[in-house]
Amino acid sequence: MKVLTKTTKIENFGKIYNNVVRPTLMGLTLLAFGGLYAGAASAQASNVYITPDGGGSGVCTSNTHPPSWFNNSGNWGTASTQIGPGTVVHLCGSFNDSTANDTLLNFQGSGTPGHSITLLFESGATLTNSNYWNDYSGAILSDGKTNITVDGGTNGLIQNTGNGSGRPNQHDTKGLVIRNCSANCVIKNLHVDNLYVHIPGTSSSQQGEDGPGPNGTATGMACDACSNFIIGPGNEAHDDFVGIEFNWLNISATNGEIYGNTVSRNNWGILAAGISGGVNGLKIHDNDISDAFPWDDWADGNHHNGIFVFEVGPGSTISNLLQYNNYVHGDMGDICTAGLNHATAFIFNDYNGGTWVAPLLFNNVLVNTNPNCGPANGMLTVVSTSGSGGIYNNTFTGRGAAINVTGTLVIKNNIFSIVDLGISNLNGTIAASDYNLFYGLTGANQAPSAVMVDHNSSIKFYNDIPQWISSSGFDTHASTANPNLTPSFQIGSGSGAVTGTNLSSLGIAALNVDRAGNPRPASGSWNQGAYQGGSTSGSTAPTPPTNLTVVVH
């Protein structure tokens, strides 16, 4: 007999933590001086141009300087030739670096509210290390500064070309690092690709490696120990270990937003984690995350997650967490073992003893395209230890369990279409479950062919939806009709997903519109799933990532 069990996946976090906090005193000192220019007169340069050799390149033809000029604190201030609040620093040309573990650019000062310092990649600007960028500072570092924007422009790119499986180096590395930013740090429109190209393990003779170095990490872009920050829109990260990272470390962070990004071919697409303190008001929404299978290894050392939020022990509190409008899809793990693959979850909120205050997850579309197996825990694995969290109007389809819950959750208006198992109550209380649509649940890989499982006290298996309704008392308004999902997972003609309940009384503004931005009715019934009937835009086929590296195996 096999049932779903909770598999805590916190490997590699120790390395992430150590690589972030080792110069703590230095970071605090920089933070103290981060407001150096806040009260200064604003006579600084409006535009500064950085080129590989300080000469003219592209649109950078006047006031040009090499990277070393940017890194000199004497060139930051309020004089007319210095970088200060409101300055736009333009990057032009191809910056090629062959020094392993190097950092190219290091911010030396802060902007002020309404007058950020912007580092702008002009069209075609690239930062390439033929070995690997620094494992602590990345190619670009801002530490202890505020009111900073890094804008990739049209196609700004940071990459390694010599790091990964079968390449000259297998090393920890980072692309862009912002650290100890208390306000108004923004990363947008930036591509960070191929920091570590991993060849997947496919057999006992071709096992694949755990990752960079011994249990190491390669992170595309990070905002660590940050508050009041934004990562997005328009960022892309592929073929890294972690695509996008927010690590609150030991602070009590507030009001972060990660949205509008495209992440693929990473072990963890988006990571948010910390040791103590916690985060209040984190929003992760409208991201496109896909295809973790390149990080398969035969020994199952890499556990894949699309969105991964977790705390390490009881010291952290996660409150007002919103995860919505995300599209997590594709092959998140190709190797199947006993009917499960190396993905833990598509969205994984991992409980390790901290406090989770009523997270809300809605309008997400989770699609598993692996025809042979699904994630080990469930597509959506979620916890709420204080108050009732909410799982509303999500769409699930493909192999595996759809929802795995710990704590107290309300589950309404979701579409479960041709999944192995609908809801697995691991160790919690389902406060309410109703108005969901269950279509084509197979019971595959669940003993004994269960479509629902309750692990509390003694394990209970529910073999079909009528039994679930009659025995559990839940979902008395459930539907088993065909939702007729379109190729973009919207509601097609003749859909049965039209019997949901109106949730506008919850007062969740982002839930009152569907994933495509169409308003849901203020009165009357809603449809189930991420899209309200009549949606005309939304989750079409994702824009293909650029700068991909072909790996033959």
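This passage describes the overall make-up of a predicted protein model and then its disulfides.

The protein has 553 residues, and 59% of them are buried. Its secondary structure comprises four helices and 42 strands. Contacts were examined between residues at least 6 apart in sequence. Of these, 73% join residues at least 24 apart. The exposed surface of the protein is about 18,200 Å². Carbon and sulfur atoms supply 52% of that area.

Attention now turns to the cysteines. A disulfide is a covalent bond between the sulfur atoms of two cysteines. With a cut-off of 2.5 Å between the sulfur atoms, the model contains four disulfides. When the bonded cysteines are numbered in sequence order, the pairing reads 1-2, 3-4, 5-6, 7-8. Three of the pairs, Cys60 with Cys92, Cys181 with Cys185 and Cys223 with Cys226, are described here.

The sulfur atoms of Cys60 and Cys92 lie 1.9 Å apart. The torsion about their S-S bond is about 70°, so this disulfide is right-handed. The pair links distant parts of the chain, with the two positions 32 residues apart in sequence numbering. Cys60 sits in the loop between β1 (47-50) and β2 (64-65). Cys92 occupies the loop between β3 (88-91) and β4 (94-97). Both Cys60 and Cys92 are buried.

Cys181 is joined to Cys185 by a disulfide with an S to S distance of 2.1 Å. Here the S-S torsion is about 100°, and the disulfide of Cys181 and Cys185 is therefore right-handed. Burial was assigned under 20% relative accessible area. Cys181 has a relative accessible area of 0%, so Cys181 is buried. Cys185 has a relative accessibility of 2% and therefore also counts as buried.

Cys223 and Cys226 form a further disulfide, with sulfur atoms 2.2 Å apart. The torsion about the S-S bond of this pair is about -100°. The disulfide of Cys223 and Cys226 is therefore left-handed. Both Cys223 and Cys226 are buried.

In terms of handedness, the Cys60 and Cys92 disulfide is right-handed, as is that of Cys181 and Cys185, whereas the Cys223 and Cys226 disulfide is left-handed. Burial covers both members of the Cys60 and Cys92 pair, Cys181 and Cys185, and both members of the Cys223 and Cys226 pair.

Methods:
Residues numbered from 1 in each chain as written. Predicted model: local features only at pLDDT ≥ 70, side-chain atom pairs only at ≥ 80, totals over all residues. Heavy atoms only, no water. Buried < 20%, exposed > 50% of the residue type's maximum accessible area, 1.4 Å probe, protein only. Contact = heavy atoms within 4.5 Å. Areas by Shrake-Rupley, 256 points an atom, 1.4 Å probe, with all protein chains shown as cover.
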